[in-house]
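Subject: Handing over a structure, with notes

Dear colleague,

I am passing on the structure we spoke about, together with its sequence, so that you can open both before reading further. My notes are placed underneath.

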Amino acid sequence: SIVRRSSTAGASYVSRRGFASGSAPERKVAVLGAAGGIGQPLSLLMKLNPLVSSLSLYDIAGTPGVAADVSHINTRSEVAGFAGEEQLGQALEGADVVIIPAGVPRKPGMTRDDLFNINAGIVKSLCTAIAKYCPNALVNMISNPVNSTVPIAAEVFKKAGTYDEKKLFGVTMLDVVRAKTFYAGKAKVNVAGAQVNLPVVGGHAGITILPLFSQATPKANLSDEEIVALTKRTQDGGTEVVEAKAGKGSATLSMAYAGAIFADACLKGLNGVPDVVECAFVQSNVTELPFFASKVRLGKNGVEEVLGLGPLNDYEKQGLEALKPELLSSIEKGIKFAKEN
Ligand code: NAI
């Protein structure tokens with residue numbers, strides 16, 4: 001059978017640790033595109049997360065192997081693999097969080113927008129199934145171009161009558177992870193000390209990615225040139241990996257890490273942990289654009305509060321104005337696709 005479950009030894013581990021008795025509620029997480037470059041390490045990291053009780057791994061092919069492999073790890077969650085569209089409903093049913101890294105990645109010379117046609121269709125069909133089988137789930141969209149796939153998802157959910165703007169997130173966490181790492185390197189502070197913090201706002205492609213280094217903590221005395229270089233490196237972080245992989249895809253391991261921490265933040269919010277704040281691309285009133293990435297407070301219903309941008313310096317203000325036309329056109333492109341297809 002394609003569905004594999006973890007052994008009963010796993011179940012006794014759960015009760016020994018007391019998860020089953022109420023300290024952490026039952027939570028089902030589904031990964032769509034679980035057999036891919038991001039999907040596999042992301043599935044591994046979600047299997048390590050004690051907040052997950054049921055891990056559902058879906059792809060068009062290859063999931064039985066990934067699920068069997070991951071299911072042998074002796075952590076809390078039960079793992080089930082689903083392959084092919086006829087099993088998508090089962091994969092989604094009862095999901096609290098759905099993470100979507102399905103689609104094709106970039107090759108050298110491609111922009112995220114070049115992926116549009118293939119990934120737009122994949123996202124549309126997956127979101128149609130989400131509306132049907134788990135309309136209340138939080139959706140973490142990783143598939144690129146995020147600036148367009150999130151508006152596509154919103155349109156699909158609106159059409160199905162299930163849209164809740166509090167439950168749809170474009171995952172921009174990798175931009176935050178990169179900005180923190182690059183900043184810590186330049187500022188000569190310890191990134192792993194967990195003190196490095198800074199928001200990345202806007203969107204998730206090229207100049208639409210706007211790291212706010214003026215708000216970074218701990219403060220460092222970096223020159224304007226250094227800030228410009230850090231900003232560019234953050235914006236081009238994806239391309240740096242695409243080129244280094246030379247035709248073998250885009251960021252997968254760092255993306256899996258970023259996706260896993262964002263999903264963990266969503267689960268903590270659902271479980272009522274206070275003050276969970278992360279950046280994500282969400283429906284927004286922060287600017288005149290209908291979707292925008294900024295800090296978001298996560299809670300029991302998903303987005304509890306979309307936080308403002310905070311004080312920007314002149315360089316950041318310019319970056320903000322410069323990104324708006326491209327971001328708006330990517331958003332409109334997504335909406336148009338969803339309406340016409
Ligand atoms: P990959 O090609 O290694 O894996 C994609 C997986 O999606 C494959 O296993 C494929 O079978 C599956 N898939 C295709 N159509 C599907 C469908 N209809 N239903 C379910 N699964 C389906 O690609 P990789 O490297 O894992 O990248 C996946 C996506 O994530 C790409 O769109 C990429 O651009 C995006 N990405 C997003 C980032 C972000 O920061 N948000 C960072 C890096 C990549």
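The notes below take up the annotated domain, the ligand shell, two helix pairs and a few backbone details.

Please keep in mind throughout that this is a predicted model. An unreviewed UniProt entry lists residues 28-170 as "domain: Lactate/malate dehydrogenase N-terminal". Over that stretch the chain is 39% helix and 20% strand, and the C-alpha atoms at its two ends lie 20 Å apart.

Around the ligand there are 32 residues, and the closest of them are Gly-33, Gly-36, Gly-37, Gly-103 and Asn-144. By type, this shell divides into 17 nonpolar, 13 polar and two charged residues, while helix 5 (residues 116-133) supplies its largest share, namely four residues.

Asn-144, already named among the residues closest to the ligand, is also joined to Pro-145 by a cis peptide bond, with omega at about -10°. Pro-145 itself sits in the loop that runs between strand 5 (138-141) and helix 6.

Helix 6 (residues 146-160) packs against helix 11 (residues 314-340) at an angle of about 40°, their axes being 7 Å apart. An angle of this kind, over 35 degrees but short of the 65 at which roughly perpendicular begins, makes helix 6 oblique to helix 11. The crossing of helix 6 with helix 11 is right-handed. On the helix 6 side the contact includes Asn-147, Pro-151, Ile-152 and Val-156, and on the helix 11 side the residues met include Leu-327, Ile-331, Ile-335 and Phe-337. The residues of this contact divide into eight nonpolar, five polar and three charged.

The second pair is formed by helix 7 (residues 173-187) and helix 10 (residues 253-270), which pack at an angle of about 110° with their axes 8 Å apart, and the two helices are therefore roughly perpendicular to each other. Their crossing is right-handed. Met-173, Leu-174 and Val-177 of helix 7 meet a set of helix 10 residues, among them Met-255, Tyr-257, Ile-261 and Phe-262, and the contact divides into eight nonpolar, two polar and no charged residues.

Two further backbone details may be worth a look. In the loop between helix 7 and strand 7 (200-202) lies Lys-188, whose phi is near 55°, a positive value in a residue other than glycine. A cis peptide bond also joins Thr-217 and Pro-218, with omega at about -5°, and Pro-218 is found in the loop between strand 8 (209-211) and helix 8 (224-235).

With best regards

Notes. Residues are numbered from 1 along each chain as its sequence is written. This is a predicted model: local features need pLDDT of at least 70, side-chain atom pairs count only at pLDDT 80 or more; totals for chains, interfaces and linings use all residues. UniProt positions are given in the numbering used here, feature names are shortened, and annotations may be inferred rather than shown by experiment. A residue is near a molecule or strand if its C-beta atom, placed from the backbone, lies within 6 Å of it. Ala, Val, Leu, Ile, Met, Phe, Trp, Tyr, Cys and Pro count as nonpolar, Asp, Glu, Lys and Arg as charged, and the others, Gly among them, as polar. Axes are lines fitted to C-alpha atoms, for helices over the stretch in contact, and angles run from 0 to 180 degrees between N-to-C directions. Angles under 35 degrees count as roughly parallel, over 145 as roughly antiparallel, 65 to 115 as roughly perpendicular and the rest as oblique. A crossing is left-handed if the near helix is turned anticlockwise from the far one by less than a right angle, and right-handed if clockwise. Two residues are in contact if their C-beta atoms, placed from the backbone, lie within 7 Å.
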